[in-house]
Amino acid sequence: MSQSITFQVLPGGSLRGEIRVPGDKSMSHRSIMLGSLAEGVTHVRGFLNAEDAMSTLEAFRAMGVEIEGPVNGEVTIHGVGKHGLKAPAKPLYLGNSGTSMRLLSGLLAGQPFDCVLTGDKSLESRPMKRVTTPLAQMGAVIETQDKGTAPLHIKGQAGKLKGMHYDMPIASAQVKSCLLLAGMYAEGQTSVTEPAPTRDHTERMLNGFGYPVTREGSTAKIDSKGKLTATEIDVPSDISSAAFFLVGASIAPDSDVTLKHVGINPTRTGVIDILRLMGANIEVLNEREVGGEPVADIRVRSAQLKGIEIPEELVPLAIDEFPVLFVAAACAEGQTVLTGAKELRVKESDRIQVMADGLQILGVDAQPTEDGMVVQGGGKIAGGVVDSHGDHRIAMSFSIAGLRAAGPITINDCANVNTSFPEFRQLATQLGLNLSTL
């Protein structure tokens, strides 16, 4: 991808209409991983054809898995079984995808071959010790760079991993999933206790493939005795992508948007809970279950938001949505305070600092703290030029801010929107956002 894509948003407007945002990124990754290790042919609908999920797909192709598609969101995976992966001919390049790297490090630790995981500059600056340290306790052999970053050199330890119990110091679905996938290849039981709930797509999908994962309170348990049997997967729309329009329709006057077939897994709905606490007008309609995951249509209409202290128990359930929630806070009456979100500093960018810097450029009183931000809402959002630092969620969040801005907002370095939501500009303009690329 060229890194020279610039967004420009003209001020004002409202959002109106009905759309279906693309498939959930977390589930798209996991459908490829588990479908590849299953026995039989797995069919996936709603797959997110974006760079991050495609990094996972190409990695499994490189390890000998035949995968057809994606065509119109449909993928067919010819599973090779739990022990059927083959050594890749060269390092596996995972682009910008932290999910791919962290989950694959667990899955590949117990294979009978060695491999190297690499990524782009952003991914190779992100912390990997959070997975390599507990994996080492299970007997994995993974060499990192001096600061614990990628490239990761994984020496396969087939038959040598030992199950263990791990109390996670930080709530992280990626760390939990990494250890559960390693536990499929470890002797005895592997169990992971999380300090706060995180997304549970890995556990749900493993069970969907017939691989037993048990859950007791905040602890998930797995062992190496199971096998994966091919299945059908219908990936719901990604609530993290829907979040931009949940906020946009809330802050822009005279807005009325319905988002179809959105995943409302209770480990992912923190953004809805937080917006409702701020006074948003959000209705969850037509609730149903598809492939073990709850989905619904979500209608959101304009509302006068108010500042709140965001409950810390909701933070892990909305961790990816905070960039656009900071925009909601800027438009709310009064002060919004976020604490307990230190994890935001080690995402694709330091999302606390980058959002605070951009909001300040736009005239918003946004003060970063070590683990969050204090935003004084209710003032004017000015026009200006901000930098996304190559972070897709930052770029899309500042685009939504244009709905309430007094002048044009220019956002530099937006190419990475393609990692999670290539259709963002098309759908946003369809609903009424005055967004163009320069």
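**Reading strands and pockets**

Visitor: Which residue in strand 22 is the bridge partner of Phe7?

Guide: The partner of Phe7 in strand 22 is Ile411. The model is predicted, so local features need pLDDT of at least 70 and side-chain atom pairs pLDDT 80 or more, while totals for chains, interfaces and linings use all residues. Residues are numbered from 1 along each chain as its sequence is written, and side-chain values use heavy atoms, without hydrogens and water.

Visitor: How many bridges join strand 1 to strand 22, and in what sense do they run?

Guide: Two strands pair if DSSP finds at least two bridges between them. Strands (E, at least two residues) and helices (H or I, at least four) are DSSP runs, numbered from the N terminus. Here, strand 1 (residues 7-9) and strand 22 (residues 409-412) run antiparallel, joined by 3 bridges.

Visitor: Which residue of strand 22 stands opposite Val386?

Guide: Val386 faces Ile411, the residue that is also the bridge partner of Phe7. Strand 21 (residues 384-387) runs parallel to strand 22, and 4 bridges join the two. Strand 22 is thus a good place to compare both senses of pairing: antiparallel with strand 1, parallel with strand 21.

Visitor: Through how many residues does the hairpin join strand 19 to strand 20?

Guide: The hairpin joins strand 19 to strand 20 through 2 residues. Strand 19 covers residues 365-369 and strand 20 covers residues 372-376; their antiparallel pairing has 5 bridges. To follow one of them, begin at Gln367, whose bridge partner in strand 20 is Val374.

Visitor: Which residues lie nearest the centre of the largest pocket?

Guide: Rolling a probe the size of a water molecule over the atoms shows where empty space is left. A pocket is an open set of points on a 1 Å grid over the protein atoms alone, where a 1.4 Å probe fits, with protein on both sides within 12 Å along at least five of seven lines; lining residues have an atom within 4 Å of a point. In this model, 38 residues line the largest pocket, and Ala171, Ser172, Ile319, Glu343 and Lys347 lie nearest its centre. Two or more lining residues come from each of helix 1 (25-37), helix 3 (98-109), helix 5 (173-183) and helix 11. Helix 1 gives the largest share, 4 residues.

Visitor: How many residues line the second largest pocket?

Guide: Its lining has 25 residues, and the closest to the centre are Asn96, Asp120, Lys121, Ser122 and Asn416. Helix 2 (residues 51-62) gives the most to that lining, with 4 residues.
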